[in-house]
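The following exercises are to be worked through with the sequence and the model at hand. Each task is followed by a solution in steps.

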Amino acid sequence: MKKLSKIIMISILIVGIMAPANIFAGQYASYNAKTNTIDIISTVNGTYEQKTQANKEIKEIYTKLQKDKKDIKKIKVNLITPKINIKKQQKKVMLTQNEMAQKVLELVNEKRREAGLKELTLSEDLMKGSKWKNDYMAQTNDYGHIPKDGTSMGVQGAKFYSTNFVGENIHVSYSLPSEYNDLTPQSLFQGWWNSPGHRANILNENYTQMGMAYTNSLTGVKSGDFRAYYATQWFGNPELVAPSDY
């Protein structure tokens, strides 16, 4: 027992002197017989990480070497920092609600121009309405055009818009909690465009205005074991009225 304690103390001492623990990535610790060193890769996926597992692995290596009757006092810890793996973390740039809506609007109007249709404009009321619907889905995980209480699309729209003539495209996607698969205007629009029903809304000649809202990795909600990303697009025409049962 005393012998093992001595081995552990020596390993900790060498580790502390040769390579600070805050740049260890322990899963890459290995004994290099050619150079008689314990080599440690200091980066994981381009970022520095502190791994307490490093000390444990080094202790195991020293213990094995001791059993092989090697003089552990002559074995050094060699910290390897591969430059190719070191990347400066880029600051995530999140689009504001207005920026996302404007970029999606540009993609919508590009397709409408190609189809010979009038371009849409952003509506502040539709922006508010789509954010309300998007927040509702994100907070309740109730994904769908009609909420659980059965409120029709027309009634939902009339809460924010001057008429009940409102159409809707919605989106939800998921990622692991540790991953950030933020929606982009292009990916979001393409998903809607590839769907016949959503494309019909985009190319509906009766619509004149649009609004939208979305969640990103800062606002995305946890849904079970995943992170959920929602987006809602509302269309409308203040001069038209839909049937009362719409």
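**Exercise 1. Confidence**

Task: Establish where pLDDT stays under 50, and which elements have the lowest and the highest mean pLDDT.

Solution. Step 1: Over residues 82-91 pLDDT stays under 50, and the model has 11 contacts beyond four places in sequence for this segment. Step 2: Residues 1-27 also stay under 50, with 56 such contacts in the model. Step 3: This is a predicted model, and its pLDDT averages 76 over the protein, with 68% of the residues scoring at least 70. Step 4: Among the elements, helix α1 (residues 2-18) has the lowest mean pLDDT, 39, whereas β4 has the highest, 98.

**Exercise 2. Strand β6**

Task: Determine whether the residues of strand β6 are buried or exposed, and identify the strands that pair with β6.

Solution. Step 1: Strand β6 spans residues 209-214, and 6 of its 6 residues are buried, so the strand is largely enclosed by the rest of the structure. Step 2: In a regular strand, side chains alternate between the two faces of the sheet. In β6, Q209, G211 and A213 point one way, while M210, M212 and Y214 point the other way, and all are buried. Step 3: Strand β4 (residues 121-122) pairs with β6 in the parallel sense over 2 bridges; T121 has Q209 as its bridge partner in β6. Step 4: Strand β8 (residues 226-236) runs antiparallel to β6 and is joined to it by 6 bridges. In that pairing, G211 stands opposite W234 of β8.

**Exercise 3. Nonpolar cores**

Task: Describe the largest nonpolar core and state which elements give two or more residues to it.

Solution. Step 1: The largest nonpolar core has 22 residues, and those with the most contacts inside it are V104, V108, L120, I202, M210 and M212. Step 2: The elements giving two or more residues to this core are α3 (97-114), α6 (185-193), β6 and β8. Step 3: Helix α3 gives the most, with 5 residues. Step 4: For V108, the contacts beyond four places in sequence are with L120, F189, I202, M210 and Q233. Step 5: Another core, of 8 residues, lies apart from the largest one; I38, I58, Y62 and V77 are among its members. Step 6: As general background, nonpolar side chains in soluble globular proteins tend to be buried together.

**Exercise 4. Aromatic rings**

Task: Trace the aromatic cluster that contains W132, and classify its residues by accessibility.

Solution. Step 1: The whole structure holds 7 aromatic pairs. In one of them, W132 and F160 are tilted, at 5.4 Å centre to centre and 40° between the planes. Step 2: This pair links distant parts of the chain, 28 residues apart: W132 lies in helix α4 (residues 124-140), and F160 in the loop between α5 (153-158) and β5 (166-175). Step 3: W132 also pairs edge-to-face with W234, at 6.5 Å centre to centre and 65° between the planes. Because W132 lies in helix α4 and W234 in strand β8, the pair ties together parts that are 102 residues apart in sequence. Step 4: W132, F160 and W234 thus belong to one aromatic cluster. Step 5: W132 has 28% relative accessibility and counts as partly exposed; F160, with a relative accessible area of 27%, is partly exposed; W234, at 0%, is buried.

**Exercise 5. A charge over a ring**

Task: Find which residue lies over the face of W193.

Solution. R199 lies over the face of W193, at 5.3 Å from the ring centre.

Notes
Residues are numbered from 1 along each chain as its sequence is written. This is a predicted model: local features need pLDDT of at least 70, side-chain atom pairs count only at pLDDT 80 or more; totals for chains, interfaces and linings use all residues. Side-chain values use heavy atoms; hydrogens and water are left out. Buried means under 20% relative accessible area, exposed over 50%, partly exposed in between (1.4 Å probe, protein chains only). Helices (H or I, at least four residues) and strands (E, at least two) are DSSP runs, numbered from the N terminus. Two strands pair if DSSP finds at least two bridges between them. pLDDT is the predictor's confidence in each residue, from 0 to 100. Contact means heavy atoms within 4.5 Å. A nonpolar core is a set of buried Ala, Val, Leu, Ile, Met, Phe, Trp, Tyr and Cys residues joined through side-chain atoms within 4.5 Å. Rings of Phe, Tyr and Trp (its six-membered ring) pair if their centres lie within 6.5 Å; planes under 30 degrees apart count as stacked, over 60 as edge-to-face and the rest as tilted. A charge sits over a ring if NZ of Lys or CZ of Arg is within 6 Å of the ring centre and within 35 degrees of the ring normal.
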